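Open the model in your viewer and keep the selection box at hand. We will go from stop to stop, picking residues and looking at what surrounds them.

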Amino acid sequence: MLKSKGRNWLLAIVSIFIASTAFAQNLVISGGNTVSGMICLDGTIYTWGANGNQGLGTGLATNPTTSPTKVIFPTNDPYFFGVLGSTSVNMKVLDAGSGAHFVGLDCATGAWCWGNDTYGQIGDGGGTNGGTGGTVTKPTRVLKGQSPGGTGAYASLANYLVGVKSVSGGNDNTYCVMNTGEVMAWGRNDYGQLGNGGSTFSPTPVYVIDGSTMTNLKNAIQVQAGDNSGYALIDPTGTGVGTVYSWGGGSGQYGGSGMLGRSPAGGSNSGTETQNSAYAFPVCAIGGAPLTNIVSISAGDVFCMALDANGNIWTWGNNGWGGLCGIGATSIPFSNPQKVVAGAWATTAGGAGQTYLKAKMISGGQGFAMAVT
C-alpha cells in the first residue's frame with residue numbers, strides 16, 4: 001500500500017463542523033500515517049499512535065502511544081515566552097503529514113514541525129544531505145528560508161518563518177500559504193515537489209514558482225500535498241473562486257498516473273503525464289483550458305479532487321483501487337479532470353435523476369475519496 005494521506009474518515013466528519021469557508025488543512029484534528037493529533041481549546045496539542053524514535057513530540061518513548069498525550073513545546077520560545085510572557089505556545093492548526101511528521105500553525109502566524117526529518121521536511125535546516133536528519137522529537141520552529149522572517153512586532157523571530165496563513169504536510173515535504181498569497185515548500189524534491197525549479201531537497205522554505213511567469217506563485221488561498229506532488233488554489237480576484245495549479249511528480253515512482261492534471265505539452269490534455277514538473281502550472285480541462293470556477297481542493301496520495309462553485313467534483317490522477325477517481329471506470333489513470341458520477345446518491349431524494357455527484361465538501365485519502373453532499 002502507499003503511505004496514508006492525512007485525510008481520513010475522521011477528518012471528513014470533523015470538517016462538517018467547521019465553517020463552510022474553511023479548507024481541509026485548516027483543521028484542529030488530523031490523521032496521518034499511523035498517527036493522529038488534535039488541538040484543545042487552550043491551544044495545546046495532543047498526539048497518539050506510532051511513536052518510533054519519539055516522533056509524536058510528547059517526550060515519552062512509549063510505542064505505540066494508545067491514548068492522546070500532550071505534545072511538549074520548548075519553554076524558551078523567543079516570542080511566546082520572550083515577548084508575550086506566555087506559559088505556553090498556543091496553536092490553531094495541525095496537519096499530520098502523510099509520511100511521519102507533523103506541521104502546526106500557531107496563533108502568531110508561525111510554523112512548527114516535528115517528527116521524521118530524513119529529507120528536511122521539518123524545515124529546521126536538517127535532513128539527510130548535510131543536516132541532522134533522523135527524527136526531531138520536539139516541536140521546532142521552521143526557519144525563514146527565502147522568506148523575510150519576522151519583523152516589527154515579530155522582530156524576535158527574525159530568523160524564523162512567520163506570516164503563515166495555512167499549512168499542509170505531505171510524505172516527505174511540507175507546504176504553507178503565506179499571508180501574501182505566496183506558497184512556500186521545504187523537504188524532498190526529487191520529483192520537483194517543491195516547485196522551485198530544482199530537484200534537490202531543501203531543509204528550509206523556498207518559494208514555489210509559477211512556470212508561466214517565472215516569478216513566485218501568487219494569490220494562493222489553499223495548498224494541498226500529494227505523495228510526490230503539490231497543488232494550490234489560486235484566486236487573483238479575491239472572490240474565493242479560482243484555478244488549480246500543480247507541480248511535482250507526474251512520472252517516476254507512480255509513472256504516468258496523471259497527478260498533475262495536464263499533458264506535458266499543455267495540449268489536448270487527454271492523456272497522462274510522461275514527465276515531472278519542477279514549476280507550477282495550471283491544471284487543465286479537456287481542450288487545454290485551465291480548470292476554473294474552483295472553490296476548494298483536496299489531495300489524496302496519488303490523485304487530487306477539486307470542488308467547483310456549482311457543487312461538481314473534479315478528479316484526476318491514479319484511478320486504481322476500484323475507481324479512485326469516481327468516474328465509473330477503473331484502473332485507467334486520467335490526467336484531464338473528470339466529473340465524479342452520482343453513483344448511489346442518484347437513488348436518494350436529493351440526487352434523484354442526477355448524472356454527477358453534487359457536494360459541499362471533499363476529502364481525498366489513501367486509495368479512496370469522500371464527499372459531503
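Select Asp77 and Arg141 to begin: their side chains meet in a salt bridge, with N and O 2.6 Å apart. The term stands for a side-chain nitrogen of Lys or Arg within 4 Å of a carboxyl oxygen of Asp or Glu. Asp77 sits in the loop between S4 and strand S5 (91-96), while Arg141 belongs to strand S8 (residues 135-141), so the pair ties together parts that are 64 residues apart in sequence. Strands here are DSSP runs of E with at least two residues, numbered from the N terminus.

This is a predicted model, in which local features need pLDDT of at least 70 and side-chain atom pairs count only at pLDDT 80 or more, while totals for chains, interfaces and linings use all residues. Residues are numbered from 1 along each chain as its sequence is written, and side-chain values use heavy atoms, leaving out hydrogens and water.

Are these two partners buried or exposed? Asp77 is buried, at 3% relative accessible area, and Arg141 is buried too, at 5%. Buried means under 20% relative accessible area, exposed means over 50%, and partly exposed lies in between (1.4 Å probe, protein chains only).

Keep Arg141 selected and add Asp106, since the side chains of these two also meet in a salt bridge, at 3.5 Å from N to O. Asp106 is in strand S6 (residues 101-106), 35 residues from Arg141 in sequence. Show Asp77, Asp106 and Arg141 together and you have a network of salt bridges.

Next, pick Asp172 and Arg188, a salt bridge whose closest N and O atoms are 3.0 Å apart. Asp172 lies in the loop between strand S9 (164-169) and strand S10 (173-178), and Arg188 in the loop between S11 and S12, 16 residues away in sequence. Asp172 counts as buried at 7% relative accessibility, whereas Arg188 counts as partly exposed at 21%. The search of the whole structure finds four salt bridges.

From Arg188, move to the strands on either side of that loop. S11 (residues 183-187) and S12 run antiparallel and are joined by three bridges; strands pair if DSSP finds at least two bridges between them. Find Gly187, which stands opposite Ser202 in S12. Strand S12 (residues 202-207) is mostly covered, with five of its six residues buried.

Now select Val244, Ile294, Ala306, Ile313 and Trp316. These have the most contacts inside the largest nonpolar core, which has 25 residues. Such a core is a set of buried Ala, Val, Leu, Ile, Met, Phe, Trp, Tyr and Cys residues joined through side-chain atoms within 4.5 Å. Strands S16 (229-234), S19 (294-299), S20 (303-308) and S21 (313-317) each supply at least two of its residues, and the largest share, five residues, comes from S20. Another core, of 18 residues, lies apart from this one and includes Phe73, Tyr79, Met91 and Val162.

Last, go to Ala50, in the loop between strand S3 (45-49) and strand S4 (65-70). Ala50 is partly exposed, at 32% relative accessible area. What is Ala50 in contact with, leaving aside neighbours within four places in sequence? The partners are Thr34, Val35, Leu56, Asn63 and Pro64, where contact means heavy atoms within 4.5 Å.

Conventions: Helices (H or I, at least four residues) and strands (E, at least two) are DSSP runs, numbered from the N terminus.
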